[in-house]
Every structure is written in C-alpha cells, then in structure tokens.
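Open your viewer and get ready to click along. We will take a few stops, one selection at a time.

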Amino acid sequence: MAKFATKLSKTSANSFQAIGTITCSATTRRAEVYDLFLGSYQSPADAAFTYQVQRVTTFTWASATARVPNALDPGNGQAAVTVASDRGTAEPTAYTADAFLLNWAMNQRCSARWQAAPGFGMIVPATNLAGIALKLEANTAAIFECGAQFDEF
C-alpha cells in the first residue's frame, strides 16, 4: 500500500458548507482515509459547528481546485489515483442521501483529529469520481483547514 497526504481548505470567500472531497479518478485502486486533522485559523469565536463526512457518487463540484496528494514515502514509486479537491464555486452535487460516515460537533476555538482504528478507515471506492466529502453542517462563513492521510490499495 502507498500512503499519501493532502490539504483541503474552505476560505471565507467560499460561502458553502463543503471543505473538500477525496475521490478516485480511476478504477485500479481504492483508498482508505485513516487520519483527518481539522481546524480554523480565523479569529477565535465561540461558534459551534458540526463536522460531517458524507459519501458522494458521480461527483461534480464547479471550478474546484485540485489538490495533488503527496506521497508520505517519496520512494514508493507510484502516483496517487486518488484526487482531492477544494474551493469550489458552488456546493458540491451528488451527496449520497443519509450516507454519513462521521458526524461530530465541536467549537471553532479548538482543533480536532480523527484517527481510525487499524482496518476501520473510510473507504473511497475504485469508481471514477466516487468518494467522500468533508463538510460543515449549517455553516457557511468560517475558514477551515483539513489535512487528510490515506492509503491506496
């Protein structure tokens, strides 16, 4: 398995709930997201948020910025088939109804880390443009950053 990392950002100019997506661009490998780091570098405020990770299928996100995942081991010799995207110009489409993989509440003044138990990560299927979206419930104004790590297999 090759391990990769990527960054996802939601800026104040992006008035949508989505922070970013992780999808596959090919049918040769799947990905397992096992680590997420979340936080905001905006001026501290006592604002509560609910983070959500939801499945997406036949995913489209208008004018999103592609993030090329970086290999955690530069000697692994293979490029990622997993694609990360953020900063779209519209809310992503094709959320899978009620397919929430994570849902947790927290305050803007703190950062959060989610780390899967071995073998229990979120699987991104080997289906073109299918995967997961990281988003905020009922929030559109704040700036957020996410770091994600995943295996491809």
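Two strands pair if DSSP finds at least two bridges between them, and strands themselves are DSSP runs of E with at least two residues, numbered from the N terminus. This is a predicted model, in which local features need pLDDT of at least 70, side-chain atom pairs count only at pLDDT 80 or more, and totals for chains, interfaces and linings use all residues. Residues are numbered from 1 along each chain as its sequence is written, and side-chain values use heavy atoms, with hydrogens and water left out.

**Stop 1: the sheet**

Select strand 2 and strand 11: they pair in the antiparallel sense over five bridges. Now click A18, and you will find K135 of strand 11 opposite. Strands of a sheet pair through backbone hydrogen bonds, either parallel or antiparallel.

Next, widen the selection to the open sheet of six strands, which runs in the order 5-7-2-11-4-8 with antiparallel pairing. At its edges are strand 5 (65-67) and strand 8 (95-107), each pairing on one side only. From one strand to the next, the twist averages 25 degrees (axes are lines fitted to C-alpha atoms, and angles run from 0 to 180 degrees between N-to-C directions).

**Stop 2: the cavity**

How many cavities of 30 Å³ or more are there? The count comes to one. A cavity here is a set of points on a 1 Å grid over the protein atoms alone where a 1.4 Å probe fits but cannot get out, and lining residues have an atom within 4 Å of a point. The largest cavity has a volume of about 50 Å³, taken as the space filled by probe spheres set on the points, with grid points joined across faces, edges and corners.

Select its lining: L8, G20, T21, I22, L36, V53, I132, A133, L134, C146 and A148. Strand 2 (18-24), strand 11 (131-137) and strand 12 (144-152) each supply at least two of these residues. By type, the lining has nine nonpolar residues, two polar and no charged (Ala, Val, Leu, Ile, Met, Phe, Trp, Tyr, Cys and Pro count as nonpolar, Asp, Glu, Lys and Arg as charged, the others, Gly among them, as polar).

**Stop 3: two cysteines**

Stay with C146, which is buried at 3% relative accessibility (buried means under 20%, exposed over 50%, partly exposed in between, with a 1.4 Å probe and protein chains only). Why does C146 form no bond with C110? The two sulfurs are 15 Å apart, too far for a bond; a disulfide needs cysteine sulfur atoms within 2.5 Å. C110 is partly exposed, at 37%.

**Stop 4: R109**

Finish at R109, in the loop between strand 8 and strand 9 (112-115). R109 is exposed, with a relative accessible area of 53%. Add Q42 to the selection: R109 and Q42 are 67 residues apart in sequence and 9.2 Å apart in space, C-alpha to C-alpha.

Technical notes:
On a 1 Å grid over the protein atoms alone, a cavity is a set of points where a 1.4 Å probe fits but cannot get out, and a pocket is an open set with protein on both sides within 12 Å along at least five of seven lines; lining residues have an atom within 4 Å of a point. Helices (H or I, at least four residues) and strands (E, at least two) are DSSP runs, numbered from the N terminus.
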